[in-house]
Amino acid sequence: MQLPERPVTTPCGHNFCLKCFQKWIGLGKKTCAKCRCIIPSKMAGQPRINSTLVAAIRMAKRSNTTVPGGPSKIYHFVHNQDRPDKAYTTERAKRKGKANAASGKIFVTLPPDHFGPILAENDPERNQGVLVGESWEGRLECRQWGVHYPPVAGIAGQSKCGAQSVVLSGGYEDDEDHGEWFLYTGSGGRDLSGNKRTNKNQSFDQKFLKLNEALRVSCKKGYPVRVVRSFKEKRSSYAPEKGLRYDGIYRIEECWRKIGVQGFKVCRYLFVRCDNDPAPWTSDDHGDHPRPLPEILELKNALDITKRKERPSWDFDELDGCWKWIKPPPLSRVVAHTGKSDGKKSITVREKLLKEFSCFLCKQVMAQPVTTPCAHNFCKSCLEEAFSGKSFVRERSRGGRALRSQKTIMKCPSCTTDISDFLKDPQVNRELMEVIESLKQKTEEDDELAEESNDEGTDASEGISDLVPESSKSSGKHHEETIVTGCSHNPQVKCTPERASKRKKVDVEDSLGRNNDGEEATIAAEKPDDGLDVDSEANLKVGSKDTKAEEEMEEENDSPASPLLMPSDDQDSA
């Protein structure tokens, strides 16, 4: 009856400790300890731990042990200025080599999502920026100068913002390098699971997703892309003999898809050089000028062709005679740490818990969660929709003769376990659903309290101006005539001078007061004898009902229905 330790979830939706469950099964029990539903023999012999519940319970325990105002947990980290000038091997590394090395000091002052060249203003040490033709021994040193941040991936970018840089390392057979322009192949299409991380054979088609979509966004917007060539590109005449070399700014003019050399579709990009500095392989003193696009033969059979329809953000200015930003560059999404709050809302423990209770299929917080025998959690509707239209039994026949029907195997969306028997009658995990509902309710209450506190911080006169009629805000004779000819609460009722004299004037500045507990309270104005002021009484009645409803909800939340329910706000310091 405590919080489950290494929780195990039965197909009927009940949670137990692993040791308690094994002890129960060891006594010869084949049914659930709560609902007496039959437990499958496979699940009883090899129970699976529900990892989602493990993470949620661990997070809730951590939030309980945190004392408000007490010393926080110390996190040891290395400041940038304390890092060595070169990449180093960490103490946790089990073997030596670049795979277990950490990058050294970052020499430039720009965010990882910086577009365009790295100028002198971003180079406080040398005050010259990163020049075309600079070379480095490896990817980690290239990262130190901000030219290309990912230590392994060949594309640096975000699918919604664009790509900042690429590396030509000969990873795909379809690449073609012609110096001032080249054809680049996107990422993906290979099975890199398990020990196949160096697999160069494609097994499925590439799509415009993730990093490939980032390159396409840069094509549509005309963003500058930094290009680095690696010595690993043995087929190119423009690749360096060793290490990596920065070759300047390129721009993606077109992108498309085609059938690659290995028989699968690949994403293709046409890069054209547009830098103010000459290329490392030329003897010219000036940079690039706008040149006509080369003729690409494979465009005749290409698919999903994307061309830029607007003027590029990075373009050649005829007046200045150089390449520069015609449109403002995209803003960085990375906020520099200055020790001050950037106004963003901090993630609470409840929000982190709700993220742990997300469905694997819809990526949202689970509604009516179900737990499969293999200990994976899904929304009930999502799981049923994933197997909709499939029958549990497949009828067979041969030569007019009916054969024995065959069972249809239905694999779990997260693993290869057959869950066809479970799908016949999936049971909702009630305890898990109650936890999610209580967390949602508490989060909504916190948001409402935050909104109310923000509203109280605004000018009080704005809220009071709605209670005071526009006619009463004016001064002089017009104000007196309004009191005599009409009533502020009900314009349909005529107000005589005798009745108006009985009504006392209430100052707007004194309409807010404090009660004994220090909370804000509205001072009720004295009403006339005829009892025309009805709105204030209605507001008081509605307020009393709201407070009663909140007290009832708090009483319900303080009494957990199962051991999985998290403590209330009074007990939870978080």
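1. The second largest pocket has a volume of about 1,500 Å³. This value, like the others in this note, comes from a predicted model. The lining of this pocket is made up of 46 residues. Those nearest the pocket's centre are Arg139, Val152, Ala153, Gly154 and Ser169.

2. Which elements supply at least two residues each to this lining? They are strand S4 (101-102), helix H4 (139-144), strand S7 (162-168), S9 and H5. With 3 residues, H4 gives the most. Sorted by class, the lining of the second largest pocket holds 18 nonpolar, 16 polar and 12 charged residues.

3. Helix H5, one of the contributors to that lining, spans residues 211-221. Of its 11 residues, 8 are buried, and the helix is mostly covered. The buried ones are Asn212, Glu213, Ala214, Leu215, Arg216, Val217, Ser218 and Cys219. Just after H5 comes glycine 222, with a positive phi of about 75°.

4. Strand S9 (residues 181-185), another contributor to the pocket lining, pairs with S12 in the antiparallel sense. The pairing of S9 and S12 runs over 5 bridges. Within it, tyrosine 184 has tyrosine 269 of S12 as its bridge partner.

5. Is strand S12 mostly covered or mostly open? S12 covers residues 265-273, and 8 of its 9 residues are buried, so the strand is mostly covered by the under 20% cut-off for relative accessible area. S12 also pairs with S11: the two run antiparallel and are joined by 9 bridges. Opposite phenylalanine 271 in S12 stands isoleucine 252.

6. S11 and S12 form a hairpin with 5 residues between the strands. In this hairpin, glycine 263 takes a positive phi near 95°. A positive phi is also found at glycine 222, just after H5.

7. The next points concern charged side chains. Side chains of opposite charge can pair when their charged atoms come close. How many salt bridges does the structure hold? The number is 22.

8. One salt bridge joins aspartate 304 to arginine 257, with an N to O distance of 3.0 Å. Aspartate 304 sits in strand S13 (residues 303-307) and arginine 257 in strand S11 (residues 244-259), so the pair, 47 residues apart, links distant parts of the chain. Aspartate 304 has 42% relative accessibility and is therefore partly exposed. Arginine 257, at 13%, counts as buried.

9. Glutamate 233 forms a salt bridge with arginine 235, where the closest N and O atoms are 3.3 Å apart. Is glutamate 233 buried or exposed? Its relative accessibility is 8%, so glutamate 233 counts as buried. Arginine 235 has a relative accessible area of 48%, which means that this residue is partly exposed.

10. Aspartate 288 and arginine 291 also meet through their side chains in a salt bridge, at 3.3 Å from N to O. Aspartate 288 is buried because its relative accessibility is 9%. For arginine 291 the relative accessible area is 32%, so this residue is partly exposed.

11. Elsewhere, salt bridges share partners. Through them, Arg251, Glu253, Arg308, Arg311 and Asp315 are joined into one network.

Key: Residues numbered from 1 in each chain as written. Predicted model: local features only at pLDDT ≥ 70, side-chain atom pairs only at ≥ 80, totals over all residues. Heavy atoms only, no water. Salt bridge = Lys/Arg side-chain N within 4 Å of Asp/Glu carboxyl O. Buried < 20%, exposed > 50% of the residue type's maximum accessible area, 1.4 Å probe, protein only. Helix = DSSP H or I, 4+ residues; strand = E, 2+ residues; numbered from the N terminus. Pairing = 2+ DSSP bridges. 1 Å grid on protein atoms, 1.4 Å probe; cavity = no way out; pocket = protein on both sides within 12 Å on 5 of 7 lines; lining within 4 Å. Points joined across faces, edges and corners; volume = space filled by probe spheres on them. Nonpolar A, V, L, I, M, F, W, Y, C, P; charged D, E, K, R; others polar.
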